[in-house]
Amino acid sequence: MWHGIWNLIDGKTNQSRNFSDRKRRTIHKQFYIIGGIFTLIPALLKGEEKVIELTLSEAVESAQAYSPDARSARHMFRAAYWNYRSYLANYLPAVSLTSTPALNRTISRVTLSDGTEKFVERNQLVTDLSLGITQNIALTGGYFFLETSAERLDLFSNKTTSWQSVPLNFGYAQSLFGYNSFKWNRRIEPVRYRESKKVYVETLELVASRATDRFFCACQSTE
């Protein structure tokens, strides 16, 4: 009897020992896997690193092309350039072509020659076309103009058509009161454009100077 009891206790002890061994082997295997992962992470990160080699001139060119200060200065100079081009365009001849057609369908009261009144239907179409050339004069602030125009009137009530044309109209227009904006713009706009160009060049030189300083600081830190 005692021999059977000891065999039962011994069997349970062996089972618990086997379970502990399996659990220990499982834990060791998990530690091996985790350790392997942590060992591979630096290698993977090291493999993803990209080394960029730049000379001094390449670093300066990259800074002048992509730095925020250089881009902002480039956009400001571009805006000043197109403002200057718009100023120059004001002194070039301007050509205009205009047309204002109008359709009129109304019933109006008309007084006849005998004093009586009558309602008359008006159904007409007015079409016109005008071609003009203007040239601003900076000395006086006025402008010369040359125009030609044609107008057509269609009366649908009695089915008639009439024409009116101005072959050539030449003249000069001048404001009697007010300042000469063309004269002042001729003085101010070139100065603004030269100033914006100098600011742009100065900004690029400052960017190049900062890029040079950081380039040599990076070289000293790697030594």
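1. Burial first: in this predicted model, just 14% of the 223 residues count as buried. The accessible surface adds up to about 18500 Å², and carbon and sulfur atoms hold 60% of that.

2. On the overall layout, you'll find 4 helices and 5 strands. Reading from the N terminus, the order is α-α-α-β-β-β-β-β-α. As for contacts with a separation of 6 or more, 59% of them link residues 24 or more positions apart.

3. Strand 3 (residues 117-136) is a good place to start on the pairing. Strand 1 (residues 94-98) lies antiparallel to strand 3, with 5 bridges between the two. If you want a pair to click on, Ser96 sits opposite Gly132 of strand 3.

4. Strand 2 (residues 102-111) also runs antiparallel to strand 3, through 10 bridges. Leu103 faces Leu125 of strand 3 here. These two strands make a hairpin with 5 residues between them, and Gly115 in that hairpin has a positive phi near 95°.

5. Next comes strand 4 (residues 143-155), antiparallel to strand 3 and joined to it by 13 bridges. Val126 has Leu153 in strand 4 as its bridge partner. Strands 3 and 4 form a hairpin too, with 6 residues in between. Have a look at the turn: Gly141 takes a positive phi of about 90° there.

6. To recap the pairing, strand 3 is bridged to strand 1, to strand 2 and to strand 4. Both hairpins involve a glycine with positive phi, namely Gly115 and Gly141.

Methods: Residues numbered from 1 in each chain as written. Predicted model: local features only at pLDDT ≥ 70, side-chain atom pairs only at ≥ 80, totals over all residues. Heavy atoms only, no water. Buried < 20%, exposed > 50% of the residue type's maximum accessible area, 1.4 Å probe, protein only. Contact = heavy atoms within 4.5 Å. Areas by Shrake-Rupley, 256 points an atom, 1.4 Å probe, with all protein chains shown as cover. Pairing = 2+ DSSP bridges.
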